[in-house]
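Colleague: I should like to learn how to read a model of this kind, feature by feature. Could we begin with a single side chain and work outwards?

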Amino acid sequence: MINIILFRMEFRRNVRSMVLWSVTICALIFFTMSLFRSVLQYQQQIMGMVKIVPMAAMKARGFGNITDIFSGLGFYAANNIVYMMLLGSIYSMVLSSNILLKEEYLKTAEYLMSRPISRDEIFASKLAVALLNIATLNLVAGITGFISLIVFRSGDIVIHPFLIITLYTFLLNLFFGALGVIVAVMIRRPRPVTFFCVGLILVFYFIFTISRISGVSGEFGYVSPFKWVNMDVLKSDFSFEFWRIALFLGLALLLSGLSLMIYRKKDILT
Amino acid sequence: MASNIIEISHLSKYYGHSRGIEDVSLDVGQGEFFGFIGPNGAGKSTTIRILLNLIFPSSGSARIFGLDVLRDSKKIRGRLGYVPSDANLYDKMKVHEFLSFGAAFYGGNKSEDRIRELAGILDLNLERRITELSTGNKKKVNIIQALVHKPELLILDEPTSGLDPLIQSKLFGLLTEENKRGTTVFFSSHILSDVQALCRRVAIVKEGRIVKSDEIAVLREKQLKKVRILFADEGTSGNFHIPGMASILSVSPKTLEFMFSGDINELTGHLSGLRLENLSIEEPPLEEIFLHYYQ
């Protein structure tokens, strides 16, 4: 199903942006985690400051409780929301939508599709590159996060919650990747969709943030895929929840399958 | 008659409410050099894009090598070469890298020699980046990528646009050689002199429909004549009329030039009662046949 010639070319085409995104996100993670020791050092003063900061603002920043900020994992998880869940999702959706669509708006589709390669092979090869890049970004960011936790830790590291939040982050990125693909195949007049993808993710993130601030845990917040991730890493019952994994994977597969069906019948207008 | 390589039957394509092509039917035989002519927007590229399965027909069917263009498009594309009219290439690649990438889809390991041979004929530098190339040189790259795997069928959409006369002449030589080796050529263009120089048979497309399809020689010899009459008396030309008189090309008080598709004996019989200074009956160039169908 995957055409190795196209896969190799597409990988080379995208590796530079993947490296750039990975380096940027990893640097942000490492730099932010390097502040953790200072946070511990000035615990009293920060507690004083934090008391006058509305709890809503803390929640908006990703902290479930005031004391989360003084836990290495809590500190990491709050930053992970911004760096990997938000930025990683933007990368995933922009990559996966443009990887298909750029052949059309850059007018190279006519060349590619006159080769002996089926639409299924084009779709599978390009998606495989997107999946590999998203997985690589998550792996590199996860390793960086883990190393930064070890380097800047204040006590023992509990690996289990770290692995769970890393997996959820990857699944969230994967979902947005699949969303990007369906956006790409549904566009009739080809044009770059970067701004649309970034805008859509920011809207979802805004809904998620509002739902955290207002304490609304019900239906409204669940409009946003960010809400589908359990971020309470410091809770004792934090564990793998099958329904969340099934939800993300199921939707990603469903969107990818639907996208393939649409792509098979799509007029390639260049 | 050799077996057909392309068979198009009642093919139509609509983009929403706007017309792409309507009820197009034509056959192209094995080894033919077939011209597909019409002005921009007539439906030539739409027809070709359906043949390549880039777009889907609204109705009708098309077969290449006896295979359905929708079901067997991958198999078909493995045996044809296509020169698009204005498609872009992967700009960041070098010419050689791009051509090797394209050739790799067809398998085999003889592409290197063939790339160098074709680049030599068309005078193309393989070491330059595609983004640095002029429109004409990009067109050369497009021509080479279509020929590199020695296809059984070549589909060319406006292949001469952007090429200087010298390279055009080399391209025509290359296409003629390929055709002699048995490659069927489907040559789409609005430049009639190109079609006339190369093709034996043509189809004329007008507003999405095929208005005429025949051998150029037949169109010129049997069906249409260009008649030029110089009358002895002024004013005769304005009143002259005969069945079969098609489009009038020029008229003045003493001269009349028109395309004639009727019986030549009837014409001479009609003229015998008139005083003439001169009369010429010629086979018209393709351009005038084309204009006749467009008026």
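**From one residue to the whole**

Modeller: Leaving aside neighbours within four places in sequence, B:F187 is in contact with B:F33, B:F34, B:G35, B:F36, B:L156, B:V195, B:L198 and B:C199. Please bear in mind throughout that this is a predicted model.

Colleague: Which residues have the most contacts inside the largest nonpolar core?

Modeller: The general idea is that nonpolar side chains tend to be buried together in soluble globular proteins. Here the largest nonpolar core has 78 residues, and B:I64, B:I144, B:I155, B:F186 and B:F187 have the most contacts inside it. Helix α5 (residues 135-147) of chain B supplies the largest share of this core, five residues.

Colleague: Where does this core lie with respect to the domains of chain B?

Modeller: The core lies between domain 1 (4-219) and domain 2 (224-294) of chain B, because both domains give residues to it. Apart from it lies another core, of 66 residues, which includes A:F75, A:A77, A:L101 and A:A141.

Colleague: How many residues of each domain of chain B take part in the contact between them?

Modeller: On the side of domain 1 there are 10 residues, in contact with eight residues of domain 2 of chain B. The elements that give two or more residues to the domain 1 side are α7 (192-198), β9 (201-206), β10 (209-215) and α8 (216-223) of chain B. Of these, α7(B) provides the largest share, three residues. By character, that side divides into seven nonpolar, one polar and two charged residues. As for the spacing of the two domains of chain B, their C-alpha centres lie 38 Å apart.

Colleague: What secondary structure and overall extent does chain B have?

Modeller: Chain B has 11 helices and 14 strands. Its C-alpha trace spans about 75 × 40 × 40 Å along the principal axes. Of its 295 residues, 40% are buried. Among contacts in chain B with a separation of 6 or more, 68% join residues 24 or more positions apart.

Colleague: How should one read a sheet, and in what order do the four strands of the open sheet in chain B run?

Modeller: One follows the pairing from strand to strand. In this sheet the order is β2-β1-β4-β5 (chain B), and the pairing is antiparallel. The edge strands, β2 (18-29) and β5 (67-68) of chain B, each pair on one side only. Strand β4 (residues 59-64) of chain B pairs with β5(B) over two bridges, in the antiparallel sense. B:I64 has B:L67 in β5(B) as its bridge partner. B:I64 is also one of the residues with the most contacts inside the largest nonpolar core.

Colleague: Which backbone angles deserve attention?

Modeller: Most residues other than glycine have a negative phi, and most peptide bonds are trans. In this model B:H10, although not a glycine, has a positive phi of about 50 degrees. B:H10 belongs to strand β1 (residues 4-15) of chain B. B:K150, likewise not a glycine, has a positive phi of about 50 degrees, and is found in the loop between α5 and β7 (153-157) of chain B.

Colleague: Are these two residues buried, exposed or partly exposed, and why?

Modeller: A residue counts as buried with 20 or more other C-beta atoms within 10 Å of its own, and as exposed with 12 or fewer. B:H10 is partly exposed because it has 13 such atoms within 10 Å. B:K150 is partly exposed because it has 16.

Colleague: What secondary structure does chain A have, and why does its radius of gyration agree with a compact globule?

Modeller: Chain A has 10 helices and zero strands. For 270 residues, a compact globule would have a radius of gyration near 18 Å, and the 20 Å of chain A agrees with this. Its C-alpha atoms fill a box of roughly 65 × 40 × 30 Å along the principal axes. In chain A, 41% of the residues are buried. Residues 24 or more positions apart account for 81% of the chain A contacts with a separation of 6 or more.

Colleague: Finally, how many residues does each chain bring to the contact between chains A and B?

Modeller: Chain B brings 18 residues and chain A 17 residues. On the chain B side, α2 (73-77) and α3 (95-104) of chain B are the elements that give two or more residues. α3(B) gives the most, with three residues. The chain B side divides into 13 nonpolar, three polar and two charged residues.

Key: Residues numbered from 1 in each chain as written. Chains lettered and ligands numbered in written order. Predicted model: local features only at pLDDT ≥ 70, side-chain atom pairs only at ≥ 80, totals over all residues. Contact = placed C-beta atoms within 7 Å. Nonpolar A, V, L, I, M, F, W, Y, C, P; charged D, E, K, R; others polar. Pairing = 2+ DSSP bridges. Domains from an automatic or database assignment. Rg over C-alpha atoms; globule rule 2.2 N^0.38 Å. Core = buried A, V, L, I, M, F, W, Y, C linked by C-beta atoms within 7 Å.
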